[in-house]
Amino acid sequence: MTNTYDNSAPVALVTGANRGLGHSVARQLGEAGATVLVGGRDAARAAGAAASLREAGLAARPVTLDVTDHAQAAAAAAQIEREYGRLDILVNNAGILPEATTPDLKHPLDLDVFRSTFETNLFGAVAVTQAMLPLLRRSSAGRIVNVSTAMGSLTEQLDPRSPYFGLVLPAYQGSKAALNALTVALSKSLAGTPILVNSVCPGWVQTDLGGPDNRAAAPTSAEEAAPVVARMALLGPDGASGTFVDQAGPLAW
Ligand code: NAP
């Protein structure tokens with residue numbers, strides 16, 4: 001296929017971009033001028049999501065990528081290398097919250113739930129980052145955004161005044177606390193390079209993540225929540241690295 005895209009435009013990969021927050025982030029990065037690679041674990045859904053962005057006049061291509069499939073991550077990196085030679089922005093957005101539909105939270109230590117949650121929310125982000133890092137190193141302004149949540153903040157979980165104090169979702173919270181630790185570690189190991197790494201909480205968003213009642217209960221649409229993620233993906237050369245923020249500013253780890 002002929003590459004008809006502007007080679008000077010930033011190239012951005014968003015995982016889990018076929019719907020929900022990731023799709024809005026992909027749209028807003030496209031609107032900011034990026035060529036957006038729309039990651040999706042189902043090839044047809046990724047293609048449909050990319051097509052809808054192209055219909056809006058944006059530069060978007062689908063990338064079939066189940067973040068738990070390390071071979072697919074390697075294949076996606078090879079595809080991006082062939083077509084663009086580099087990657088400027090990686091948004092590790094794909095995530096799951098199986099505990100939202102776990103019927104009995106009195107017994108929250110379900111090893112299978114822990115394994116599946118960590119497999120996507122942490123190991124998936126590690127695998128995709130590992131596969132994309134050589135391409136991000138070729139960028140003059142590499143950016144990694146890990147989509148996290150204030151629910152993963154240990155400080156919030158321990159503060160009786162916090163709205164998150166009463167929430168006990170240990171697999172999800174543990175996976176996002178670990179993702180935050182990954183942000184810190186990567187920011188240190190990439191210090192002195194142009195690559196900035198940050199964690200972002202989008203707020204409570206009207207998506208399918210939190211179970212059947214979440215869309216009605218959440219205050220913020222995906223389009224309203226996406227700008228803070230896009231902003232951290234488009235940080236300038238003096239931007240921060242190793243931070244955890246939401247749209248209002250820094251969050252406690
Ligand atoms: P969502 O509507 O359920 O969308 C999740 C996305 O992740 C979907 O595109 C889904 O793809 C994809 N995904 C799941 N497992 C995947 C895998 N193994 N490989 C590739 N893609 C996979 O949820 P969302 O609310 O947009 O969540 C996006 C991110 O925001 C998550 O990391 C979540 O933890 C974070 N977040 C959300 C909220 C909130 O209130 N919604 C708050 C804080 C943080 P399929 O369509 O194939 O399932």
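Modeller: Before we look at this predicted model, one term is needed: a residue is called buried when its relative accessible area is under 20%, exposed when that area is over 50%, and partly exposed in between.

Colleague: What makes strand 2 largely enclosed by the rest of the structure?

Modeller: Strand 2 covers residues 35–40, and since 6 of its 6 residues are buried, the strand is largely enclosed by the rest of the structure. The cover lies on both faces, with T35, L37 and G39 buried on one side and V36, V38 and G40 buried on the other.

Colleague: How do you know that strand 2 pairs with strand 1 and with strand 3?

Modeller: Two strands pair if at least two bridges are found between them. Strand 1, residues 11–14, is joined to strand 2 by 4 bridges in the parallel sense, and V11 has T35 as its bridge partner in strand 2. On strand 3, residues 60–64, there are 5 bridges to strand 2, again in a parallel arrangement, and here L37 has R61 as its bridge partner. Both counts satisfy the requirement of at least two bridges, so both pairings stand.

Colleague: Which helices belong to the right-handed β-α-β units that include strand 2?

Modeller: Helix 1, residues 20–31, belongs to the unit with strand 1 and strand 2, while helix 2, residues 43–55, belongs to the unit with strand 2 and strand 3.

Colleague: Why is the contact between E83 and R61 called a salt bridge?

Modeller: The closest N and O atoms of E83 and R61 are 2.9 Å apart, and the cut-off is 4 Å, so the pair qualifies as a salt bridge. The contact links distant parts of the chain, as E83 is in helix 3 (residues 70–84) and R61 in strand 3, 22 residues apart.

Colleague: Is each of these two residues buried or partly exposed?

Modeller: R61 has 10% relative accessibility, which is under 20%, so R61 counts as buried. E83, at 26%, falls between the two limits and therefore counts as partly exposed.

Colleague: What makes E223 and R27 a salt bridge that links distant parts of the chain?

Modeller: Their side chains meet at 3.5 Å, N to O, which is within 4 Å, so the definition is met. E223 is in helix 8 (residues 222–233) and R27 in helix 1, 196 residues apart. At 34% for E223 and 22% for R27, the two residues are partly exposed.

Key:
Residues numbered from 1 in each chain as written. Predicted model: local features only at pLDDT ≥ 70, side-chain atom pairs only at ≥ 80, totals over all residues. Heavy atoms only, no water. Buried < 20%, exposed > 50% of the residue type's maximum accessible area, 1.4 Å probe, protein only. Right-handed = clockwise from strand over helix to strand, strands pointing away.
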